[in-house]
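Visitor: I am new to this structure and would be grateful for a close look at a single part, the surroundings of the ligand. Please take me through them step by step.

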Amino acid sequence: MIEIGNLTQYEFLALNSPLNLSDGHARQELTPSQSRIIEELPSLWADAIKRPVSEVEADSRSAFFGLFGQHSYPRGEGRVLPCYSSSVAMEIFARSVAGTSDAIGLIHPTFDNIPDILRGVGLRLIPVEEEVLHEGDLDPYLMTQVGAIFVTTPNNPTGRVISEERLRVLAAQCANYDVVLALDTCFRGFDTRAHYDHYAVLEESGCRWVVIEDTGKLWPTLELKIGWLVSSENVGLPVEKVYSDILLGVSPLVMSMVRRFAEDAAGGGLAELHDFIAGNRALVRAALADLPEIEFLDPDSRASVERVGIGSRSNLAAWTALSEHNVFALPCQKFFWADPARGEGILRIALARPPAALAVGAATLRTVLAEM
Ligand code: EGV
């Protein structure tokens, strides 16, 4: 049995397996209409060369933000910054916070590269339990300590979504304490409950805010994607300066491709994707049904990942047994970055996969768990 440094290092081990149920990236087959967009890439290339970058970028932005109801996203210069990935956007955000503050409140649990990036720029992390974000107030003492509160919604791996009412409450508290409210909405596309206009709520509150949007989890585009770093006029962080330290821009070809995938999604592809993920979730749940001590911990989740509680079995032992069959899941300890023990006995299964591969992986998981 091996213990590995971080979740992404577990994900590396799975990359070459056809039974990779590990990372949260989209690895299902292209739909027929998405395949046609890929065939269009040479003409998107030719078109991108002809048009001003700002125009290609604005079209991509409006297609993507509009798809999820984010109509009040800011239009001003430099307010929506395209990055190669949401982790690059995260790094830029983190560096810009580190210059103004020494601590940040961070949702617990969440994917471990977020705490690692924040720690990497020297910030002290204070956990904010997911539960607290959904009821009650943020701790007043905590609010005096931090420069920002960072919240992933829908959360990874739990799929929990901050409702419009709750976002209003959190934003008001951040406004009161002059704390930046930062949202990571990378899994937004999967859950219509996260499609209310977040920017309208944030702007109305008057708080300083940052949002990281992502195209990367939705469509099987071979890691061609955009993480958008969005900030309020009054954010008071050197986001644009740090961005300019790291990149000039992303490829207009990728921006055009994102626009076309967003248009396809608006024309029915998004509903199809939601059905696809729901079908894969049902497949995993059915494959594991009636095994003793198995629990689906996030019954309402619509994210493209599923947490499976395996009771008193060791998830590292289960991970090892699975990997011997070339099937790769994620043990959840490291999502609980402030208290890893709480992730014991939990595996995360990726659902954005071809159903046939998922079926083999889930059947193998059943066999492995039945023997433990
Ligand atoms: C997930 C991979 C990074 C991350 C995967 C992820 N790790 N970027 N260091 O993109 O849920 O599997 O978020």
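Guide: A polar contact is a pair of N or O atoms within 3.5 Å. With that cut-off in mind, the ligand can be approached through R348: an N or O atom in the side chain of R348 is 2.7 Å from an oxygen atom of the ligand. The model in view is a predicted one, and the distances given here are computed from it.

Two further contacts may be set beside that of R348. In G24 the backbone takes part, with an N or O atom that lies 2.7 Å from an oxygen atom of the ligand. In S87 a polar atom of the side chain lies 3.1 Å from a nitrogen atom of the ligand. As for cover, the ligand taken alone exposes 350 Å², and the protein buries 81% of that area. The site of the ligand is the largest pocket.

The full set of residues around the ligand consists of T8, E11, D23, G24, H25, S87, F111, N113, N156, K217 and R348. By character, this shell divides into six polar residues, four charged residues and one nonpolar residue.

Some members of the shell lead on to the chain elements that carry them. R348 is among the residues around the ligand, and strand β11 comprises residues 346-350. Strand β11 runs antiparallel to strand β9, residues 305-309, and five bridges join the two. One of the pairings across these strands links E306 with its bridge partner I349 in β11. Both strands belong to an open sheet of four strands, in the order β8-β9-β11-β10, with antiparallel pairing. At the edges stand β8 (295-296) and β10 (330-331); each has a single partner strand, so one side of each is left without a neighbour in the sheet. In general terms, strands of a sheet pair through backbone hydrogen bonds, either parallel or antiparallel.

N156, another residue around the ligand, introduces a feature of the backbone. The peptide bond from N156 to P157 is cis, with omega near 20 degrees. P157 itself is found in the loop between β4 (148-152) and α9 (164-177).

A further cis peptide bond runs from H108 to P109, with omega near 0 degrees. P109 has its place in the loop between β2 (103-108) and α6 (113-120). Residues F111 and N113 are both listed around the ligand, and helix α6 comprises residues 113-120.

Technical notes:
Residues are numbered from 1 along each chain as its sequence is written. This is a predicted model: local features need pLDDT of at least 70, side-chain atom pairs count only at pLDDT 80 or more; totals for chains, interfaces and linings use all residues. Side-chain values use heavy atoms; hydrogens and water are left out. Two strands pair if DSSP finds at least two bridges between them. A residue is near a molecule or strand if one of its heavy atoms lies within 4 Å of it. A polar contact is a pair of N or O atoms within 3.5 Å; within protein, one must be able to donate a hydrogen and the other to accept it, and residues adjacent in sequence count only if both atoms are side-chain atoms. Accessible areas come from the Shrake-Rupley method with a 1.4 Å probe; for residues, only the protein chains shown count as cover. On a 1 Å grid over the protein atoms alone, a cavity is a set of points where a 1.4 Å probe fits but cannot get out, and a pocket is an open set with protein on both sides within 12 Å along at least five of seven lines; lining residues have an atom within 4 Å of a point. A molecule sits in a cavity or pocket if more than half of its atoms lie within 2 Å of its grid points. Ala, Val, Leu, Ile, Met, Phe, Trp, Tyr, Cys and Pro count as nonpolar, Asp, Glu, Lys and Arg as charged, and the others, Gly among them, as polar.
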